[in-house]
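Q: I'd like a close look at one part of this, taken slowly. Start with whatever sits in the middle of it and work outwards from there.

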Amino acid sequence: MNSFIDHSLQVTRRHFFGRAGVGAAALASMMNEAAGAAGGTPLPAKAKRVIYLFQSGAPSQLDLFDHKPGLAARFGADLPNSIRQGQRLTGMTAGQDRFPTAPSRFKFAQHGKSGAWLSELMPHTARVADELCFIKSMHTEAINHDPAITFFQTGAQLAGRPSIGSWLSYGLGSENHDLPAFVALLSNGTGNPMDQPLYDRLWGSGFLPTKHQGVKFRSQGDPVLFLSNPPGLDAGARRRMLDDLAKLNQMEFAEVNDPEINTRIAQYELAYRMQTSVPDLTDVSNEPASTFDLYGPDSRTPGTFAANCLLARRMAERGVRFIQLFHRGWDQHTKLPKQIEGQCRDTDQPSAALVADLKQRGLLDDTLVVWGGEFGRTVYCQGRLTPDDYGRDHHPRCFTIWMAGGGIKGGITHGETDDFSYNITRDPVDVHDLHATILHCLGIDHTKLTFKFQGRHYRLTDVFGKVVKPVLT
Amino acid sequence: MNRLVLLFISIASLLRAQDRIEFNRDIRPILSDTCFLCHGPDKARRKADLRLDVESSAKAKHEDHFTIVPGKLDQSELIRRITTDDADDRMPPLDSGRQLTKQQIDLLKRWVAQGASWQAHWSFIAPQRPALPPVKDSAWPRNAVDHFILAKLEHEGLSPSPEADAAALQRRVTLDLTGLPPAPSETSEPYTALVDRLLASPRFGERMAIRWLDAARYADTSGYQSDGERWMWRWRDWVIDAYNANMPFDQFTIEQIGGDLLPSATLPQKIATAFNRNHRGNAEGGIVPEEFAVEYVVDRVDTTCTVWMGLTMGCARCHDHKYDPLTQNDFYSLFAFFNNVPEKGKAIKVGNSVPWIPAPTTAQQRELAQLNDRITKAEAHLTKLEPVIAAAQLAWEKTLVEEATPPWTVTRSLQKRFDKTEDFDGRRFVDGGDVGDFGYFDKFSFTAWIKPHAGKDGAILSRMVEDQSDSAFASIDEGYRVFLKDGRVQLHLTKRWLDDALRVETEEQVPPDQWRHITVVYDGSRVAAGVKIFINGQPQKLRVHLDQLNQTFATKQPFRIGAGGGAANRFQGQMRDVRVYTRALADEESTILAAAESVTDIAKLPVSKRTDLQATKIRACFLTEHAEPAQRAAQSELNTLREQRAVFIESIPTLMVMEEMPVPREAHILKRGVYDQPGERVFPGVPASLPPMPADAKVNRLGFAQWLVSEKNPLTARVAVNQLWQMLFGTGLVKTSEDFGSQGEPPSHPELLDWLATEFMRDWDVKRLMKLLVTSATYRQSSRITPAALGRDPENRLLSHAPRVRLSAEMVRDQALAAAGLLVENIGGPSVKPYQPSGLGKELSGTDLELDHGDKLFRRGLYTFWKRTSPHPTMTAFDAPGREMCCVRPSRTDTPLQALALMNDITFVEAARALAQRVMHEMQTREDRVCHAFRLALNRAPKAQELKVLLADYDLQLTRFRSDPASARSLITTGESLRDNLLDPAEHAALAALCGLILNLDEAVTKQ
C-alpha cells in the first residue's frame, strides 16, 4: 500500500516507501541505494512508533521532579552570583532588583523500586515511576517559547525546518493503510487557560514535501479537516461519485498516459478509507468503563489531555508512526502553585495511564513515550514571593523530561543539577542529543537521515547530537 | 527493482563513452556534493590544504603526489584514493556519510583520462548570447526558444509533440497568464491575439503577484508566538500594479530594494521597499531584542540573495560557504547594507512595527486633499467673522451680569463625573464601579482637581489589580493608573511591570497642599508619544520611563479613586471633580477645564484681567451655546471637519517600509553567526567572487540594487528568467531555482538560459518575455505523454511534450469560483477571511479569526488573509508555501487531504451548487447542462464515453434526491450565496453533486 506516497517530481529523496511495516528496511534501502554496500547497516529498531506528550509552556522541574530540599532554608535569599554566573535572563526578569530563592511549596517523596523523587502533584506518575527514565539534565539554547518549542520540534530555533514527526514520516513511511503517519492532538490546560499559543508549523513539514506534515486531529467538528461529506451527500453517494470519478480519471489516463493520474485516483481512495477509519478511531464508545477509570474522568470529554491520551493509545494500536500531544498552560510566571495544580490534574493521571495501558497491551516495548516541555523554570521568584505563592521565569539551563518504553531503560534517572536546579552538574543532554536518541530507538542513525535542500544535506540534528547511551536498554 | 533501474541508467551512460565529459555538467556536481565539505571554500574545515573547487590547487602537488594529472589516471592521487580498498586511504572517508557510486567513479576516471579540463562555475560567469543551434526539423521552431529545445531533443533522439488543440491551449495559457480559466465566450481568437489580450488583462498582475508574494514571504501576521496582525497589503497591491503596468524588472528591483533612497522618492517607491519588511517579527515577552534584530537583517540578506541571485547566502552566516566561493566576510558585508533600519528587535504585538508610513491609496489621497481644502476654507471663514464674534460676545457678556448662565463645561464624551470633594487618608478610596473600562486601543482622558499632602505618593485614580488574590492569572500592577510620585504626575499603562508597560511622568512637580487641575490624555496609539498631561491647563514636558507596551492593560477591576496597585499606594490629600472622558480631549479643552470659575464669574472680570484659561473658556461657551446661528455654525463646521480629518487619517492604511538611519550601524562579522559575538568590523559590499560595484556607485542599498541589475551581474537575469520559465513549465531550466551554486543542478539547457537572460537584459520587459515563452512551439505542444518519452525522460526535462502540472492552491480555488460565477473580482485592498472551519484559532491560541461575509467570501485566493501560524487549511493542503521564509520553488504533492478538501470544503461544495445553478440558467436540457458545466471547468466538451458516465451519474443522483428532498435541500443551501428558489431542488441537487465530481477531476486541477 503506498498511501502517503511520493510523487512530487521535485523530491530528491533517495528512497521509496516500502509497504506498511517495512520500517528499518525502507531506511536501509534509502541508505544503500546511492552508496552501494557501504551505506551503513541499519540499526536494530526497538521502537516502531513514538507518543510524545509535549507540555507546552515549560513545566517547573523544581515543583515536579527536581527535588532540592536545601532550598527551604534559603527562602527569599538572593540567588548567589556564583550560581547565576551572569547567564542571560529573559527581558521579563532581567530588570528585577532581586532574585529571591523560591523553594517549592510541594512535598516530595521517593517512589518505586528505583526510588525516583516526585512531588505530591504527581501521585499517578509515581505509581509507574519504575517504567520511566527521568532525564534531569535537559538543556536548551532558547529562552523564549516560540524559538524554544520550534527548536524542540525541528532542531532549529527559527521556522522553516521539518518537524520531528515529519522527518519520521519521511524516513520510515507509514505503518498503516488508512491513517496518516504523523498525527498532532491539542488540548488546553485548566491551570492557565490564557497560556502560550501553538503554531501549525510545530507539526509542519518545513522543506520536506507537504505530505509529511502532521495531520491535526480535532475534538470539535471533523476529527480531520473536511472529513465529513457535505450535508445532503451520504456515504453511498460519495462511493458512487468516487467510482465515477475513477472511471473518468482512468479515461484521461488512457488519453495522456500521465502516471500522476493513478496516484490521484489512489489518494481519493485513501481519503475515502479515512472517512471510515478516522471515525472508527475516534469513537471511544466501545471502550469499557475500566478504560475511562484508568485515564480519569476527563477522558470522557473530547479535547482534553486525558481524552487525547486515550486516542494516542488507539492510534498506537493502529500503527500511527508519530503521535504528538500538545498540552498548553505550563507558562507560570505568576501564581505558579495554583496554576500547576490545575496542569497536573489535567496530565498526571492520563500520562501514567497511557504508560500502564500500553504496558498491559504489550505495546510499551515498541512504543517510545516522551513527556516534557521546551525549557525549565527559574529557582528565583518572578514577581512577589510568599511561602504559598510565587512565579518562575523561563530557565533553559536545566530541566527534566521523562521517557519510557521502546528502547529506553525504565526506573533510572539520568543527569544531575546543582542545589538550586540552576546548572547541570552531570551528564548534560541537549535537544539534538534527545533527537538523536529518539531516532536511535527507531533504528535510525541521526547522521544518515538527510534531505537535500538549498544545496545542503539537512538533518534533524543539524551537525550536532549524540545518542544518550546510558538511557538505552 | 530500483537497483535494476539504476543499473540500466549506468549502462546507458557507459554506452555513450564517446561523449565529451563536461566539467560543469558532469564533474562539478560530484566534487561539490562529495568533496567540497573538506576540500572546498571553507578554510576552517579544509583538510590537507587541498581544494577541489579551485583548479590550481586540484592540479598542484600535495606532499609527494599530484592530486590530478590530466590524462594520467595512474599518476592521479584522486583516482587512487577513490578506488583503493585501503580503508585508511579511501576517499570519501567511510564515516563521512558521503559515497561515490560506480557510475560517478567512472565519470571521474573518464574526465581525468580526457584531460581533466576545468570550467569556472557557470553561474558566476556573465551570460554570453549564444547563436541559435542548428536543427534538422527547421519547420518546427516558432521562435528562438524552440531552436534550443529542438536541438537537444534531436540530439537525444526524441521528437517534439504536436501542437495541443486550440481549446486545451487556450485553457493552459489563460491559467498561466491570468490564474483563471477562460470564460466560455472567449473562443476562436487567433492565438497571439489571445496572448496579447491576457497580458493586458489586470488579472495578469494578480497572477504574477502570487508567486512574488511567496518569494517575498508576504503575510498578514507577524509570525512568532501570538502572531498578531500587521498591515502590508499596500505593498501587495504595489506588486500587482507594477506587473500590470509592465514595470521593467530592473526598476522593479531597484524600487523594492532601494526605492526610499532614490532622489525625491515618491510614495509608491517607498511602498515598494516593504519587500524587505515582510519578514517575521517577534513580539514575545521577555525576548532579547538584539537577538532578533540580527535575525531580521539575516532574513533580508537570505531572501534578497535567493530571490535575485539564486545564492544560498545563509550558509555563510556562521562560517565560509562549504560549496560556493562565498565567505563569512561576504555575508556580513551584505548584512551591512540591510542593517541600518531604525527598527527594534522586539516587534509590536498587533500592528506595524517601526519604521512605518501612512500609505494612502490614490482615492484616499484625493479625499484627504479635499478635506484639507475644506478645513482651510472653514478657518478663513471663521477668521473673517472674528470682529463680529468679538463684538457679539461683549454684548452677550453684559447680559450675564444681570442673569447668570447655567454652569457650562465640556460634556461631550463625558462618561462619568465624581463631583464631590473627597478626603483621602492613605487608607480609604472611592470605588467608582464599572467606569473607564479601557484597553490599549481606546482613546480616553481623565481630569481631576487634586490637593496632595506634602511628601505623600499615591494613586490618583486607577483600574488596576489591587490585591494578588483579585485575579487567578494577572499580577498586581496590571491595569492603568494615574499616579503621583514626588509631586510628579505619572501615567502607568501596565500589562507586565518590567517589560510590557508604558510609563511617563511630568518633569514639573505639583506643590503640596494646593489645588491643581490635572488632565491626562491617551490617544490609543500604544506609544508614549500618544500621552499628554496638563497641569492647570498647561501642557507638560514628559519624561518617558518605559515605552514597551505590547498587550492590552484592560482589567475587570473597578474604577478606583485614590487607590491602585495595592494598599501601600493610596492617595493622601483631597480630590474633587474627577472626570472620565471616552475620547482624547483637545488641548483647548484641557485649558477650558482648568478654569475653575464659572462663565458668569469670568464675564464679570474686565477683559484685560482675564487669564488665558478664562478667556478661552468664555469664548468657547459663547461660540458653542450663545452666538448667532451662523457664527455657531462656522465654529462647529470647523470642529466637525477637523474631527473628520482625524478619523480619516486613522483609517489610512500604514505600511512597514525601509528607512536608512542617518548614521549607519556598525556591522561586524558575528562569530558562529551569534548575535552577541561580534568579530571583525565589516563595511557594506558585494561578494568578492562577483563583479565589483562600479567605483562611482553609492555604497548603500540603492547602489546594491543597481549593481544587481547591472550588465555585469551574471546571476540576476538568469535567475529571473528561470523563475518565469518555472512558472510556465513547472520546472526551471535550472531545476533548483533557489540555488545556482555548485550544489544546485546545472541548467538542462545552458545556452537557452543564457540566450533568454541576455534577451531579458535588453529591456527587462516581463510581458515581452512571457509572450516569447508562451508563443513558442515548445509551450504550445500537446501534453500527451508517449511511452518512449516516459521511459527516456520521465521528468520531461527535455520538453518533448508540454508538462502536466497540478494547479496551485490559489488557482484551484479561483477556478472553482470563476466557473461557478461566484468570483468577485476587485483588485487589491485589505486581505479577506473567507470560510474556514471554526475553532482552528481557538485550539491553537484561544481565539478564532473573525470570518468575513458577502463578497469577501469570493475574492481570489491571493487576497486570503495569511496568518502565519495558522494558514488557511485548504491553502496548506494544496502546497501553498507557509510564508515564514522565502520560497521560490513551490512543491506539488498529492495527498488524501487534498481530496477531502476538494470534496468537502464548503468553498467547493458551494461552488459546485452555484455552478449547477449557473448551467441551469444558461441551458435547458439535462445533457446541455452537463456538457456546459464540464466545459466551464475544463474548457472542452465531454467525449461520448465521458458523457455517458456523467449522465448516468446525474440520473442516479436525481432519483436519489427526488426520493430524499431533505438531502437535496441541504446540499443546495450550502454556503452563503443566494440560491434561485425557482429551480427544482432535486434537479439542482443532482447537478450540484455532478458539478462537485467535475471539479474533482484530475484534469480540472491540472494544467495540461
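A: Let's start with one bridge: Ser462(B) has Arg481(B), in S9(B), as its bridge partner. The strands behind it are S8 (residues 458-464) and S9 (residues 479-485) of chain B, which pair antiparallel over six bridges. Two strands pair here if DSSP finds at least two bridges between them. Strands (E, at least two residues) and helices (H or I, at least four) are DSSP runs, numbered from the N terminus.

A word on the model and its labels. This is a predicted model, where local features need pLDDT of at least 70, side-chain atom pairs count only at pLDDT 80 or more, and totals for chains, interfaces and linings use all residues. Residues are numbered from 1 along each chain as its sequence is written, while chains are lettered from A and ligands numbered from 1 in the order in which they are written.

Step back from that bridge and you get an open sheet of seven strands in chain B, ordered S6-S16-S8-S9-S10-S11-S15, with antiparallel pairing. S6 (430-431) and S15 (542-547) of chain B are the edge strands, each with a single partner, so each has one side without a neighbour in the sheet.

On a wider view, chain B is split into domain 1 (19-119), domain 2 (202-358 + 663-713), domain 3 (360-408 + 598-650), domain 4 (412-591) and domain 5 (808-877 + 894-1008). These bounds come from an automatic or database domain assignment. Taken over C-alpha atoms, the centres of domain 4 and domain 5 of chain B are 55 Å apart.

Chain B has some backbone oddities too. Met91(B) and Pro92(B) are joined by a cis peptide bond, omega about -10°, and Pro92(B) sits in the loop between helix H5 (77-83) and helix H6 (102-113) of chain B. Another cis peptide bond, again with omega about -10°, joins Val354(B) and Pro355(B). Asp49(B) isn't a glycine, yet has a positive phi near 55°. Asp49(B) counts as exposed, with 11 other C-beta atoms within 10 Å; the cut-offs are 12 or fewer for exposed, 20 or more for buried and partly exposed in between, with C-beta atoms placed from the backbone.

Now for the partner chain. In all, 84 residues of chain A are in contact with 88 of chain B, contact being C-beta atoms, placed from the backbone, within 7 Å. On the chain A side, H7(A) gives the most, with 11 residues.

One helix pair across the chains deserves a look: H8 (residues 259-282) of chain A and H29 (residues 896-904) of chain B pack at about 75°, with axes 8 Å apart. That makes H8(A) roughly perpendicular to H29(B). Angles under 35 degrees count as roughly parallel, over 145 as roughly antiparallel, 65 to 115 as roughly perpendicular and the rest as oblique. They run from 0 to 180 degrees between N-to-C directions, and the axes are lines fitted to C-alpha atoms, for helices over the stretch in contact. Where they meet, H8(A) brings residues including Tyr268(A) and Met274(A), and H29(B) brings residues including Pro896(B) and Leu900(B).

Chain A has a hairpin to finish on. Four bridges join S2 (residues 108-111) and S3 of chain A, which run antiparallel, and Gln110(A) has Trp117(A) as its bridge partner in S3(A). Between the strands are four residues, and Gly112(A) takes a positive phi near 70°.

Notes. Contact = placed C-beta atoms within 7 Å.
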